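Let's take a walk through this structure together. Have the picture handy and follow along as we go.

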Amino acid sequence: MSVNFSLEGKIAFVTGASYGIGFAIASGMAKAGAKIVFNDINQDLVNKGLAAYKEAGIDAAGYVCDVTDEEAVNATVEKITKEVGPIDILVNNAGIIKRIPMIEMSAADFRKVIDVDLNAPFIVSKAVIPSMIERGHGKIINICSMMSELGRETVSAYAAAKGGLKMLTRNICSEYGKYNIQCNGIGPGYIETPQTAPLRERQADGSRHPFDAFIVAKTPAERWLKPEELAGPAVFLASEAADAVNGHILYVDGGILAYIGKQPQ
Ligand code: NAP
Ligand code: GCO
């Protein structure tokens, strides 16, 4: 039996993938042979994504679609199926964060985060699973977080959503594993993207942001990770080599979850 990491002939749909982690994962999947389809929330972002994929030598198809809008998602999945082909690999990557102390957060803001980070992966997965069942295979990868396991000040909605996404992952595996559908999660550590830019901003005196120094001290690798470092794990989970891996959250965190933290010197 050979080990097959190739995604040749597969169509991968990565949500919110104009830049950042989604773009890096999609680019890795393209290098492994997949045809890339992505969406983003507006035309400007899709155009930005299309230009970035072109520059990377990747022939990607981009669609405008709000992943929280069930009708729009169903219409987009139908369009992708007609224009590109049926989706073999889905990566639920689109996400938002609001950093607000819980007792100051409005219920509307809490709901918004849950809507994008948890309800949307349900909506998009639901739209692709029937065709995966029909065709006898499918891979779903949900982008989870350190906050699928850990809490911290100001991210109550995000942690609730990403913890929920971990359980949605296990439930999709439980419910549809018999159809040769594998649903796994990737739990990135702290990654250098625009989402975390405010946590890495240099201080007025040129010193590191206290949160930046905190993350470096919490990570055995002693650094923030790059979006490209998520590509290999994503290709693995999307490949035939991972056909027996189901309901698993693969933490790609430079060791954060294994570490108690730097001991006092
Ligand atoms: P990001 O800024 O969170 O990128 C996500 C993308 O999704 C953006 O293009 C965003 O558009 C888009 N998006 C937001 N709401 C959407 C909606 N309703 N419909 C369609 N697209 C939507 O950057 P990222 O850091 O690369 O994050 C990607 C994923 O990884 C997220 O799920 C995030 O929670 C997760 N994650 C990030 C880190 C990290 O350290 N960066 C660590 C763990 C997990 P806009 O630009 O308009 O917002
Ligand atoms: C935060 C960060 C995190 C990361 C990531 C960690 O404010 O703590 O934004 O939540 O983005 O999800 O894995």
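One idea to start with: a polar contact is a pair of N or O atoms within 3.5 Å. With that in hand, look at glycine 189, where a backbone N or O atom lies 3.2 Å from an oxygen atom of ligand 2. Keep in mind as you look that this is a predicted model.

Glycine 189 has company. Proline 188 also takes part through its backbone, with a polar atom there 2.8 Å from an oxygen atom of ligand 2. Tyrosine 190 uses its side chain instead: a polar atom of that side chain is 2.7 Å from an oxygen atom of ligand 2. How much of ligand 2 does the protein bury? On its own the ligand exposes 330 Å², and 97% of that is buried by the protein.

Now step back to see who else is around. Ligand 2 is surrounded by 14 residues, and the closest are Arg99, Ser145, Arg152, Tyr158 and Gln195. Sort that shell by character and you get eight nonpolar residues, four polar ones and two charged ones.

Time to zoom out to the whole chain. The domain assignment splits the protein into domain 1, made of 11-189 + 225-258, and domain 2, which runs over 192-224. Measuring over C-alpha atoms, the centres of domain 1 and domain 2 are 25 Å apart. The two do touch: 15 residues of domain 1 are in contact with 14 residues of domain 2. And where does ligand 2 fit into this? Its shell takes at least three residues from each of domain 1 and domain 2.

That leaves ligand 1. Around ligand 1 there are 27 residues, with Tyr19, Ile21, Asn93, Tyr158 and Thr193 the closest. You may recognise Tyr158, which was also listed among the closest residues to ligand 2.

Some of these neighbours of ligand 1 make polar contacts. In isoleucine 21, a polar backbone atom is 2.8 Å from an oxygen atom of ligand 1. Asparagine 93 does likewise, its polar backbone atom being 2.7 Å from a ligand 1 oxygen. Threonine 193 brings in its side chain, where an N or O atom is 2.6 Å from an oxygen atom of ligand 1. Alone, ligand 1 has 860 Å² of accessible area, and the protein covers 90% of it.

So which pocket holds ligand 1? Ligand 1 sits in the largest pocket, and ligand 2 sits in the largest pocket too.

Note on methods
Residues are numbered from 1 along each chain as its sequence is written. Chains are lettered from A and ligands numbered from 1 in the order in which they are written. This is a predicted model: local features need pLDDT of at least 70, side-chain atom pairs count only at pLDDT 80 or more; totals for chains, interfaces and linings use all residues. Side-chain values use heavy atoms; hydrogens and water are left out. A residue is near a molecule or strand if one of its heavy atoms lies within 4 Å of it. A polar contact is a pair of N or O atoms within 3.5 Å; within protein, one must be able to donate a hydrogen and the other to accept it, and residues adjacent in sequence count only if both atoms are side-chain atoms. Accessible areas come from the Shrake-Rupley method with a 1.4 Å probe; for residues, only the protein chains shown count as cover. On a 1 Å grid over the protein atoms alone, a cavity is a set of points where a 1.4 Å probe fits but cannot get out, and a pocket is an open set with protein on both sides within 12 Å along at least five of seven lines; lining residues have an atom within 4 Å of a point. A molecule sits in a cavity or pocket if more than half of its atoms lie within 2 Å of its grid points. Ala, Val, Leu, Ile, Met, Phe, Trp, Tyr, Cys and Pro count as nonpolar, Asp, Glu, Lys and Arg as charged, and the others, Gly among them, as polar. Domain bounds come from an automatic or database domain assignment. Contact means heavy atoms within 4.5 Å.
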